[in-house]
Amino acid sequence: MTDLKLFNSLTRQIEPFVPVREGEASVYTCGPTVYNFQHIGNMRAYVFADTLGRVLSYKGYELKHVINITDVGHLTSDADAGDDKMEKAAAAQGKTAWDIAKFYQADFENDLARLNIRKPQHPRATDYVDAMIDWAKSIEATHCYELDSGLYFDTATVPDYGRLARVATDEGVSRIDPVPDKRQPQDFAIWRKTPDGETRQMEWDSPWGMGAPGWHLECSVMSQALLGFPFDIHTGGIDHREIHHTCEIAQNQAYGTDAEVPTGAKYWMHNNFLIDRRGKMSKSSGEFLRLQTLVDRGFHPLAYRLMCLQAHYRSEMEFTWEGLAAAFVRLKRMVMGVTTLKARHAELVSASIVPNEAPVEADKWTLKQVQGDVDPKFAGLIETFDSAIYNDLNSAVALTLLEMAFDLKDATPEQELNIFAEIDSVLGLNLLQLTRQDLRIRPITATITEEEIETALHLRKEARAAKDFARSDAIRDDLIARGVEVMDGDPLAWDWKLDI
Ligand code: AMP
Ligand code: ZN
């Protein structure tokens, strides 16, 4: 049995995973600030967290996974500067901050589903404000001080501040915008008071006056409330290592967790950035690509998931349309392979079926139906897969092992399907459910409908039968000109040509 090893940003080392509670694994993932659509860089963070969750389930742990929804308190800078993102978006769109949050949360959850990200809990920060006030009260006397602008955390009161970020305290200074009278430049607000004479849409009464919680406080409080201290793994994008998670750790230390795990979570894991040629994809710079943008151009969302899995989560991943197209072709090939196996299996089953018994329809094949055990004679392949995925989630190698399973010489279709079911429970590409038709995504620029294509192909067939090849070629050329690939001899018959 291979042990699971994960890279812990706290120690900057790959460590064996030993859960806090035997048989269980608890994961907290910093969720989106719901003031805007998520871009595909953000979604990389959730594909990573989901893959981690799937690996933990596959390893046999009972998984508790939380992705919080930040609907309050995140300023335009990760430190204490700028406007509140939610209030700013509300003002710009002429809506309430609550409506903004609801809209973008729904859009985010839709993207999660399209990427086959299993449904973790999605608690909203605004439901935990009382708990945040209680937490702040509990550390106020020992670790905080009050200024006109809010209640601040005194980072000098905890040992090793900045240990996660690995910044000497002074280096961190330039990253934190100065607030007059802070004791240390890296001190941060845990409660921000509404300035005199202003009203905010989202504000609460507190011992420090009307105001809103600081963003860092939210994740400390929600992870503690939902998973309990200490818990196993805290995840987020690598940008969170420097400020957000560093501040969370300071708060957790102040709150008191466990002598062995003073940081609250035992392992802190971070995915690297999705970049494009201009650098890190972000909401404020570079091209803002949403998952929907990819779908609009005719890509299936799971091609993006596959693209993420092709890179190691700790490496930067460059987005290009060509790269996405290659991942899409790879996904199509995998689905085609599974489809063939399902059909071959259905044939074998129906050949052995007693008359009057309904034959198995290949398309009705579900993951559950094939999730029998992998035949012991293929244990070697599964072990190699395990050692890749348990080695700090080496999904790139895991994918090639999946493809090797198509070439097994002495396997029945059912045995192969069982292997795919097993491997895909970790990779989450939905290989056993997807059909080739599902992958045929109509680009928004298309000028022809699916029905029109089917009709044209039918007419072409008639023309060919009547040996009217000029007409048959003309129909074909017209389809090609309209972005349709005609695939003679393939049961799928046609596909959309990718526009890259
Ligand atoms: P936000 O909604 O800005 O709080 O970001 C949500 C998640 O996406 C966080 O975990 C970020 O660290 C992560 N993230 C932001 N930009 C990128 C990017 N370009 N690539 C990968 N992850 C990102
Ligand atoms: Zn967070």
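**Ligand shell, strands and a helix crossing**

In this predicted model, a polar side-chain atom of Asn 42 lies 3.1 Å from an oxygen atom of ligand 1, a polar contact being a pair of N or O atoms within 3.5 Å (within protein, one must be able to donate a hydrogen and the other to accept it, and residues adjacent in sequence count only if both atoms are side-chain atoms). Residues are numbered from 1 along each chain as its sequence is written, while chains are lettered from A and ligands numbered from 1 in the order in which they are written. Local features need pLDDT of at least 70 and side-chain atom pairs count only at pLDDT 80 or more, whereas totals for chains, interfaces and linings use all residues; side-chain values use heavy atoms, with hydrogens and water left out.

Backbone atoms also take part, since a nitrogen atom of ligand 1 is 3.1 Å from a polar backbone atom of Gly 41, and a nitrogen atom of the ligand is 2.8 Å from a polar backbone atom of Met 281. The protein covers 95% of the 490 Å² of accessible area that ligand 1 has on its own, as given by the Shrake-Rupley method with a 1.4 Å probe (for residues, only the protein chains shown count as cover). Around ligand 1 there are 20 residues, of which Gly 41, Gly 237, Asp 239, Leu 274 and Met 281 come nearest; a residue is near if one of its heavy atoms lies within 4 Å of the molecule or strand in question. Helix H1 (40-58) gives the most to this shell, with four residues, where helices (H or I, at least four residues) and strands (E, at least two) are DSSP runs numbered from the N terminus.

Strands E5, E6, E7 and E8 form an open sheet in that order, with antiparallel pairing, two strands being paired if DSSP finds at least two bridges between them. Strand E5 (144-147) and strand E8 (211-213) stand at the edges with a single partner strand each, so one side of each is left without a neighbour in the sheet. Between E5 and strand E6 (residues 150-153) the pairing extends over four bridges, and Leu 147 stands opposite Gly 150 in E6.

Elsewhere, the axes of helix H10 (residues 301-310) and helix H14 (residues 395-404) come within 7 Å and cross at roughly 115°; axes are lines fitted to C-alpha atoms, for helices over the stretch in contact, and angles run from 0 to 180 degrees between N-to-C directions. Leu 306, Leu 309 and Gln 310 of H10 meet Ser 395, Ala 396 and Leu 399 of H14, contact meaning heavy atoms within 4.5 Å.
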